[in-house]
Amino acid sequence: MEDFAIVTGGARGIGAAVAKRLKADGLRVAVVDRIPPEHDSADEVIELDLSDVEATQAALGAFCKGRPVTRLVNNAGIVEPADVISTDPFSIDRVAAVNLRAPLVCLQAALPSMIKARSGRVVNISSRVALGKELRTAYSATKAGLHGMTKTWALELGQHGITVNAIGPGPIATELFNKVNPPGDPRTEKIIASVPVKRTGTPEDVADAVSFFCSERSGFVTGQVLFVCGGMTIGSA
């Protein structure tokens, strides 16, 4: 397959697993990140600060021009943890710049190619935190907002053969997660105990879901949020 998939935040963690999986699925992969990728699955690398609107528009606009870009995975995100009393009001702007505004800018860059192809797959990586979590005022607000944009885009773009879905990962054992939550630590064990399947997820668990949403098999699924969370988002959990 000659089509390109753009994966933001694709240098490491969940984004790296997504890039590897889409490459294995036969797509060409363009990784967009502030750092070089820690894997060899990228056909193209665009080093970019996604909080910079003009730079993002210029770089992705140039990249998508003349290329068959039919998949977009908005994975890049940042967190500024704080309780509500100490939350810096401007943290909303900083977090939203990457978690909420950048997905819009990236989609706008890729849309002409998707509309021309009469086919497209957009996957927004959200979080179970969109449903609420302590110390995450800015982060939860942006991820909940991403759900709203996902559904709106699905309604607007379906006529062009473009589907838009979101994935909400639960606790995923990335390098960063394991650094903050070391294996065997009582806090880590508490997290695992709260997951109905009694384990943390892997980046590959999320990549498998992305693979489905990016495939032709998902053509009648749009505007949905799939929580890859081991059951943490179930009410009784």
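## Cores and largest pocket

In this predicted model, the largest nonpolar core holds 29 residues, and Ile 6 and Phe 63 have the most contacts inside it. At least two residues of this core come from each of β1 (4-8), β2, α2 (53-64), β4 (69-74), α3 (91-117), α4 and β6 (162-169). The biggest contribution to this core is that of α3, with eight residues. A second core, separate from the largest, has 22 residues, among them Leu 27, Val 29, Val 73 and Val 123.

In soluble globular proteins, nonpolar side chains tend to be buried together.

Leaving aside residues up to four places away in sequence, Phe 63 touches Phe 4, Ile 6, Ala 30, Glu 44, Ile 46 and Val 69.

The largest pocket encloses about 1,800 Å³ of space. Its lining is made up of 48 residues, and those closest to the pocket centre are Gly 77, Val 79, Tyr 139, Thr 174 and Leu 176. The table splits the lining by class.

| Class of lining residue | Number in the largest pocket |
|---|---|
| Nonpolar | 22 residues |
| Polar | twelve residues |
| Charged | 14 residues |

Which elements each supply at least two residues of the lining of the largest pocket? They are α1 (13-24), β2 (28-33), α4 (137-157), α5 (175-180) and α6 (186-193). With five residues, α5 gives the most to this lining. Both β2 and α4 are among the elements that supply at least two residues to the largest core and at least two to the lining of the largest pocket.

Technical notes
Residues are numbered from 1 along each chain as its sequence is written. This is a predicted model: local features need pLDDT of at least 70, side-chain atom pairs count only at pLDDT 80 or more; totals for chains, interfaces and linings use all residues. Side-chain values use heavy atoms; hydrogens and water are left out. On a 1 Å grid over the protein atoms alone, a cavity is a set of points where a 1.4 Å probe fits but cannot get out, and a pocket is an open set with protein on both sides within 12 Å along at least five of seven lines; lining residues have an atom within 4 Å of a point. Grid points are joined across faces, edges and corners, and a volume is the space filled by probe spheres set on the points. Helices (H or I, at least four residues) and strands (E, at least two) are DSSP runs, numbered from the N terminus. Ala, Val, Leu, Ile, Met, Phe, Trp, Tyr, Cys and Pro count as nonpolar, Asp, Glu, Lys and Arg as charged, and the others, Gly among them, as polar. A nonpolar core is a set of buried Ala, Val, Leu, Ile, Met, Phe, Trp, Tyr and Cys residues joined through side-chain atoms within 4.5 Å. Buried means under 20% relative accessible area, exposed over 50%, partly exposed in between (1.4 Å probe, protein chains only). Contact means heavy atoms within 4.5 Å.
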